[in-house]
Amino acid sequence: MISHSILSLFLFIISLFLYRYSFPYPVVEYLSIFFPLFLLGFIPNFLYRRWGRIFTVCFAVLFVRFGALTGALTTIPEWTSLHPLFWGAILGILSREHFLIFMGRGKQAADISDKDPLRRRLALNPSPGQKLPYWMEPDIWMVFFLSILVIERTLHYFPWSFETGINFADGFFIKGLSYKEAFGLTWMYWDNIVPVIWYIFTEERCSSDLDNPNKHWIIGLTIGYLIQAVIILEQTFLNPNLLMTATGESLKVGRVAGLWRDSGSASWIIPTLGLYLVWKVWERRGIWRESSRRILAIFLLLITGSLGLKLGKTFWLAYGAGLFGFLIYFVLRRIQHPNDWIQGAFRTFVILLMLSFGFSLLWFGENQKLVPALSHASSLLKKTISGEKLDDLDHRNKLMQASLDLWKDSIFFGNGFGSMIVHLKDLKSPIQERPRNHFVDTPANFYLGWLGETGILGCLLLAMYTFLKTYIAQNAKYLLLLVIPFMTGYQITHADGAFVVLFILSGTRCIENSRSKLLSKVDLMKIIWMVFAIGISLHYLAFAILKHS
């Protein structure tokens, strides 16, 4: 506990310092954002374990544009971050644990029916029990690797030498882009990813093996999702301008965003979370009444579908693929259980009719004006089938080719974490052909983006980390929900997207830790991951020193 608290406090201080360095808007504006979000994370987690989990996830879903919506951030309202919320939650958890230890947890008997509030609180927050050695935790070494990637970019962007050290004085890396701005593009990813990883890790580290935080996180996620649904429906049918401050070009193109970062984020997060919740409802087979389970699943599917009327093409791709996946699962289940085949045949037929109706709607939806995104998707579908050139996707193709160019220039180590925008602006970069009209953006595809920025070794580490986390939590099936969204963008660019990705990867544990420890060779796999993570990270650092010295 002491080691984790010290390391958490160190990461918290580094996070604040480098965020303020990278995004130096007025300190008054920052504090007016930081303190409310920090307290919203700290107070619930310090007082109650269960409510802390619920509120943290719910607030993460709702408050990514907190600064713009409250008017606290006026200099550049588009800047968003959830790090105050997650660091507040982390420090709230650790403060609660130290307080309970100080008050005698584990040294005196306590019961939840006890009238003494302190003893009742001790009973409601039992000791996490015996945990693995700290150095065997996979999340620590993933954070270590990401931090090394940031150091590599620091050595690349700033002037330095072994004699004088790093010169952090302001200057220009290339024309129109300062050292600080270039570094900020990398730090933005670290700031989006690490606090979420560390929050989930801290919650599980401070929970007993029989206490699965996911059951409380799901409640918070459901509350936040339903609030988002209400707001998006009102934006769609009643008031398009409602709570749409600082959403970029969303309003100009006739789209809505709810409380997400923009319509691009909403277009993939809404179907992903909607289908995730449907999946969780469907897994309650044998626990909930069958009629209640079906009604709730259908309700969530209909609500999710209605939210896409003014969202982008990604929504329909992800939502349609999800429905098709549910159909395949349903048919395979009937094949595996032949006694249920006859009673399920009619339902399968109905689902096929619904999918056929959906495809027909997409095919013949080009000329309708009610749903612009559906009209656009219909046009793209017809052009794709007929083999026509898709001019409006030209910039995406160029961005994907740019990622490949960056990878080819440095196959093993990539060309720098979070460096795509810098390379697009740098005329001397390895990118051969740039998008038209000087278009600059993050990678258009997560797979190619990660490959271009971190190389083969970075992809190897990410694959090992993903495999290990999903093997321990037995939640690999949920990653299918991210396959299509990862094809359409670099979904860790914004804080809300990074949270959703990491929640599905790390925050969804299908079995208790006490059972996961019985899985074959888990400890050995953690040691192998640790060796690879340390070794490859140090190779990145050595490569950076040799390359940039």
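Biologist: What makes a set of residues in this structure a nonpolar core, and which members of the largest one touch the most others?

Modeller: The members must be buried residues of nonpolar kinds such as Leu, Ile, Phe and Trp, joined through side-chain atoms within 4.5 Å. In this predicted model, the largest such core has 125 residues, and L146, W198, I270, W450, F499 and W529 touch the most other members. Helix 8 supplies the largest share of this core, 15 residues. Apart from it lies another core of seven residues, including L399, M420, I431 and A444.

Biologist: With which residues distant in sequence is W198 in contact?

Modeller: Once neighbours within four places in sequence are set aside, W198 is in contact with H4, L7, S8, L11, W87, I90, Y134, I140 and V143. The criterion for each of these contacts is heavy atoms within 4.5 Å.

Biologist: Why is helix 8 described as largely enclosed by the rest of the structure?

Modeller: A residue is buried when its relative accessible area is under 20%. In helix 8, 24 of the 27 residues are buried, and therefore the helix is largely enclosed.

Biologist: How do you know that the end-to-end distance of helix 8 agrees with its number of residues?

Modeller: The expected span is 1.5 Å times one less than the number of residues. For the 27 residues of helix 8, from 179 to 205, this gives 39 Å, and the end C-alpha atoms are 37 Å apart, so the two agree. There is also a bend of about 30° in helix 8, at L185.

Biologist: Why is S403 called buried, whereas Y471 is called partly exposed?

Modeller: The cut-off for buried is under 20%, and partly exposed lies between that and 50%. S403, in helix 15 (residues 394-409), has a relative accessible area of 3%, so S403 is buried. Y471, in helix 17 (residues 446-473), has a value of 22%, so Y471 is partly exposed. Not counting residues up to four places away in sequence, S403 touches M420, P443, L448, G449 and G452. As for Y471, its C-alpha atom is separated by 8.5 Å from that of V522, which is 51 residues away along the chain.

Biologist: What makes L243 and A246 noteworthy in their backbone angles, and is each buried or partly exposed?

Modeller: Neither is a glycine, yet phi is positive, at about 55° for L243 and about 60° for A246. L243 is in the loop between helix 9 (214-237) and helix 10 (263-282), and A246 is also placed in the loop between helix 9 and helix 10. Against the 20% cut-off, L243 at 34% counts as partly exposed, while A246 at 11% counts as buried.

Biologist: What makes a space in the protein a cavity, and how many are there of 30 Å³ or more?

Modeller: A space is called a cavity because a 1.4 Å probe fits there but cannot get out. The structure holds three of 30 Å³ or more, and the largest contains about 110 Å³ of space. Its lining has 18 residues, of which Y25, I33, W79, T80 and S81 are the closest to the centre. Helix 2 (27-47), helix 4 (66-70) and helix 5 (83-102) each give two or more residues to this lining.

Biologist: What share of the residues in the chain is buried?

Modeller: Of the 549 residues, 52% are buried. The chain has 21 helices and four strands.

Methods:
Residues are numbered from 1 along each chain as its sequence is written. This is a predicted model: local features need pLDDT of at least 70, side-chain atom pairs count only at pLDDT 80 or more; totals for chains, interfaces and linings use all residues. Side-chain values use heavy atoms; hydrogens and water are left out. The bend at a residue is the angle between axes fitted to the seven residues ending there and the seven starting there. Buried means under 20% relative accessible area, exposed over 50%, partly exposed in between (1.4 Å probe, protein chains only). On a 1 Å grid over the protein atoms alone, a cavity is a set of points where a 1.4 Å probe fits but cannot get out, and a pocket is an open set with protein on both sides within 12 Å along at least five of seven lines; lining residues have an atom within 4 Å of a point. Grid points are joined across faces, edges and corners, and a volume is the space filled by probe spheres set on the points.
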